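Here are three short exercises to work through with the model open beside you. Try each task before you read its solution.

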Amino acid sequence: MRNLQNKVALITGSSRGIGAAIAKLFAQAGARVVVHGRDVAALSAVRADIEQADGQAMQVVADITKFAEIEAMRQQIEQAWGPIDILVANAGGSFSRPGPLEETSEEDWHASLAGNLTATFLTIKSILPGMKQRKAGTIITISSAAARRPHPGSPIPYAAAKAGIQILTQDLAAQVGPVGIRVNCIAPETILTERNAQRIPDEQKQTLVDTHPIRRLGTPEDVARAALFLASDDAAWITGIVLDVAGGSVLV
Ligand SMILES: NC(=O)c1ccc[n+]([C@@H]2O[C@H](COP(=O)([O-])OP(=O)(O)OC[C@H]3O[C@@H](n4cnc5c(N)ncnc54)[C@H](OP(=O)(O)O)[C@@H]3O)[C@@H](O)[C@H]2O)c1
């Protein structure tokens, strides 16, 4: 197990899904984990799981489309545990249906941009100054296979927002590398989170499996292991990458 001993790690959107898996794995690796979301009951359940496994966790609530709420969350974390060493800006999701561009509503467009690209920008804007002051830290952002190659069935606002996160990550990596901060991005293909397991019909799951050179769908733990590598000192000379965690699906 890679060593994140005593590091304070904030994983946004860790009340469920990929974020919850990252939080649990980081806690197993010794990090003090801040679980974040809006659903207090779900956050308490993730925190309880971590504590039952002898990990350390605290829970915070903030709407990450609102800078004032993110700032209040950061201050709450710093008062309780001190500075944030690791940020995984994971919260997000697809807020638009796949379909023809001209049928995409302005509302869905703005929701996808706000909930992914702007949310990632605002979260980093709040946490980065402390990392720069301490000349240390690592940031992981989350894109999607939807932003790795065009597809006629793509939800365009989501894909565009995630593609924006990729260049934000790389520009930032170039900006803050000289002060000792690494910034990387993970781009997962469809992951069997609780929500996707329920939402995607079985026949569609099989069709999806067939598009992967590695013939299965990804799990939240597949993404968590990649995040642990990038957050750890094993990745000390890696910055500015977009890592496909996709079973090879973006190759074909
Ligand atoms: N699952 C996939 O197949 C897949 C594939 C590629 C990329 N991704 C990306 O991976 C990330 C995690 O996806 P997931 O499937 O694990 O998501 P999920 O199960 O839908 O969970 C989303 C998480 O983000 C939080 N969140 C969303 N918007 C928020 C907001 N405005 N303020 C605060 N919290 C917010 C939710 O908190 P509450 O529910 O507590 O409000 C929840 O913890 C997302 O960025 C997603 O786009 C997912």
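**Exercise 1.** Find which residues alanine 246 touches, not counting residues up to four places away in sequence, and decide whether alanine 246 is buried or exposed.

*Solution.* Start with the contacts: alanine 246 touches Ala145, Ala187, Pro188 and Glu189, where contact means C-beta atoms, placed from the backbone, within 7 Å. This is a predicted model, in which local features need pLDDT of at least 70, side-chain atom pairs count only at pLDDT 80 or more, and totals for chains, interfaces and linings use all residues. Residues are numbered from 1 along each chain as its sequence is written. Next, count neighbours: alanine 246 is buried because 23 other C-beta atoms lie within 10 Å (buried takes 20 or more, exposed 12 or fewer, partly exposed in between).

**Exercise 2.** Work out how the axes of helix 4 (residues 106–134) and helix 5 (residues 156–176) cross.

*Solution.* The two axes, lines fitted to C-alpha atoms over the stretch in contact with angles from 0 to 180 degrees between N-to-C directions, come within 8 Å and cross at roughly 15 degrees. Helix 4 is therefore roughly parallel to helix 5 (angles under 35 degrees count as roughly parallel). Among the residues making the contact are Trp109 and Phe121 of helix 4, and Tyr158 and Leu168 of helix 5.

**Exercise 3.** Which helix gives the most to the shell around the ligand?

*Solution.* Helix 1 (17–28), helix 4 and helix 6 (194–199) each supply at least two residues. Helix 1 gives the most, with three.

Definitions and conventions. Helices (H or I, at least four residues) and strands (E, at least two) are DSSP runs, numbered from the N terminus. Angles under 35 degrees count as roughly parallel, over 145 as roughly antiparallel, 65 to 115 as roughly perpendicular and the rest as oblique. Two residues are in contact if their C-beta atoms, placed from the backbone, lie within 7 Å.
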